[in-house]
Amino acid sequence: MTFRISRPGPWRVLGLMSGTSADGVDAALIEVDPGAFDGGSPFLGLLGHAQTPYPDELRAAVLAAAGNRLDPAALCILQRRLGDHHAEAAASLCGKLKLQPDLASLHGQTVQHHPQHGATLQLSDPYVLAERLQCPVVFDLRRRDMALGGQGAPLVPKAELWLHGADRPFLALNLGGIANATIWDGAKLYAWDLGPGMSLLDLAAQRWLDLDFDPYGGHATGVAHEGLITGWLSLPYFQQAPPKSTGRELFGEAWLHAQTPELERLPLPDRLATLAAFSASAVAHELRRIRLPLSGGLLSGGGAHHARLRDELAKRAPALTWRVDKGMPSGSREAVSWALLGAASAVGIPGNLPEVTGATAEAVLGAWVFPQ
């Protein structure tokens with residue numbers, strides 16, 4: 001069903017994103033011109049952004065779900081807990097801004113993603129959000145693409161094109177939990193998940209530093225062990241051509257647990273340095289799949305602030321110069337993208353790109369719920 005707002009724009013659209021870093025929710029309220037999607041420039045501006053971290057207990061439950069350690073009852077309860085957390089984050093931002101959204105676009109928290117089986121699971125509760133905000137909510141945007149044979153990811157590339165514009169080539173690299181790239185060569189858009197971004201580094205910080213993450217990569221000061229990295233790059237995922245997507249089901253707890261015996265033979269600074277170099281090597285390996293039309297790109301996500309990861313990127317992809325995204329607040333870009341995808345659904349504009357996801361057709365994404 002395509003939902004249409006009766007009044008003309010501009011619209012205020014709230015995007016809610018919880019990424020594979022599983023550290024909380026980013027809420028972004030943007031202004032959109034609903035008549036400008038066909039022209040490629042619907043984004044009018046960012047009205048406000050807020051990050052609301054998960055409490056420790058909630059984050060532990062999310063990671064347990066991603067690691068196949070929750071029974072169905074606990075998974076069911078987690079969905080509602082995440083719904084409450086998302087609704088509180090959304091209401092808090094809108095309250096501070098004193099603005100009412102016309103609609104909200106809810107990503108939810110990915111806890112399982114199995115594109116080879118046509119299955120993905122993002123947990124939240126759109127009904128709770130719709131009642132709290134008193135506006136329509138579009139959710140579950142990935143599964144329409146998967147029903148058409150696609151990976152359900154990545155979906156942000158089309159939003160990146162709306163944000164950047166199509167008049168010149170660009171490269172956007174997001175180093176969230178999973179690293180993904182969007183590349184526009186002036187005629188064609190390329191995008192796929194490159195491999196781990198911060199997921200393994202964050203899990204390593206929890207295991208060996210007793211921290212949620214290693215601030216600015218300050219502990220990753222050792223030697224990167226190339227033999228380990230070479231072995232990891234032989235994983236089947238890196239031999240597979242796009243379209244492809246991945247998540248914590250591959251680069252998560254189980255992977256780090258399997259590598260722990262070898263990693264714990266190394267000094268702690270070497271372990272963290274090696275994992276940072278692995279993320280950078282995966283990016284460099286995957287970007288070599290296409291001839292890049294430019295010599296630099298935009299860097300966003302948590303990994304943009306990890307000094308060792310940035311250094312390793314410079315070393316392993318020396319032809320590219322990266323600039324950190326300062327046009328939007330840290331962490332807001334994917335939430336902005338999700339708001340744009342939700343607005344596109346409201347005007348009947350497809351949000352997927354078959355050449356990116358592997359779907360058999362373009363599709364208007366998501367399902368809608370409305371407040372009472």
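The questions and answers below go through the fold, the cores and some backbone details of a predicted model.

Residues are numbered from 1 along each chain as its sequence is written. In this predicted model, local features need pLDDT of at least 70, side-chain atom pairs count only at pLDDT 80 or more, totals for chains, interfaces and linings use all residues, and side-chain values use heavy atoms, with hydrogens and water left out.

Biologist: How many helices and strands does the chain have?
Modeller: Both are DSSP runs, numbered from the N terminus: H or I of at least four residues for helices, E of at least two for strands. The chain has 13 helices and twelve strands.

Biologist: What is the radius of gyration of the chain?
Modeller: The radius is taken over C-alpha atoms, and the globule rule is 2.2 Å times the number of residues to the power 0.38. For 372 residues the rule gives 21 Å, and the chain comes close to that, so it is as compact as a globular protein of that length. Its C-alpha trace spans about 60 × 50 × 40 Å along the principal axes. The radius of gyration is 20 Å.

Biologist: What percentage of contacts between residues at least 6 apart in sequence join residues at least 24 apart?
Modeller: Contact means heavy atoms within 4.5 Å. Among the contacts between residues at least 6 apart, the share joining residues at least 24 apart is 72%.

Biologist: Which helix gives the most to the largest nonpolar core?
Modeller: A nonpolar core is a set of buried Ala, Val, Leu, Ile, Met, Phe, Trp, Tyr and Cys residues joined through side-chain atoms within 4.5 Å. Buried means under 20% relative accessible area, exposed over 50%, partly exposed in between, with a 1.4 Å probe and protein chains only. The largest core has 48 residues, and L173, L275 and F278 have the most contacts inside it. Ten of its residues come from residues 268-287, which is helix 10.

Biologist: How many residues are in the other core, the one with W162?
Modeller: This core lies apart from the largest one. Its members include L155, W162, A344 and I349. Its residues number 30.

Biologist: Is helix 6 largely enclosed or open, and which elements do its buried residues pack against?
Modeller: Eight of the ten residues of helix 6 (residues 199-208) are buried, so it is largely enclosed by the rest of the structure. Among the buried ones are D202 and W208. They pack against helix 1 (56-66), strand 8 (178-184), strand 9 (189-196), helix 9 (253-263) and helix 10.

Biologist: Which residue takes a positive phi just after helix 6?
Modeller: The phi there is about 55°. The residue is D210.

Biologist: Where is the peptide bond with omega near 5°?
Modeller: This bond is cis. Its P243 sits in the loop between helix 8 (236-239) and helix 9. Another cis bond joins A153 and P154, with omega about -10°, and P154 is in the loop between helix 4 (142-147) and helix 5 (156-164). The bond asked about runs from P242 to P243.

Biologist: Is A22 buried or exposed?
Modeller: A22 is in the loop between strand 1 (11-18) and strand 2 (24-32). Its phi is near 55°, positive in a residue other than glycine. At 1% relative accessibility, A22 counts as buried.

Biologist: Is N68 buried or exposed?
Modeller: N68 lies in the loop between helix 1 and helix 2 (72-97). Its phi is also positive, near 60°. At 62% relative accessibility, N68 counts as exposed.
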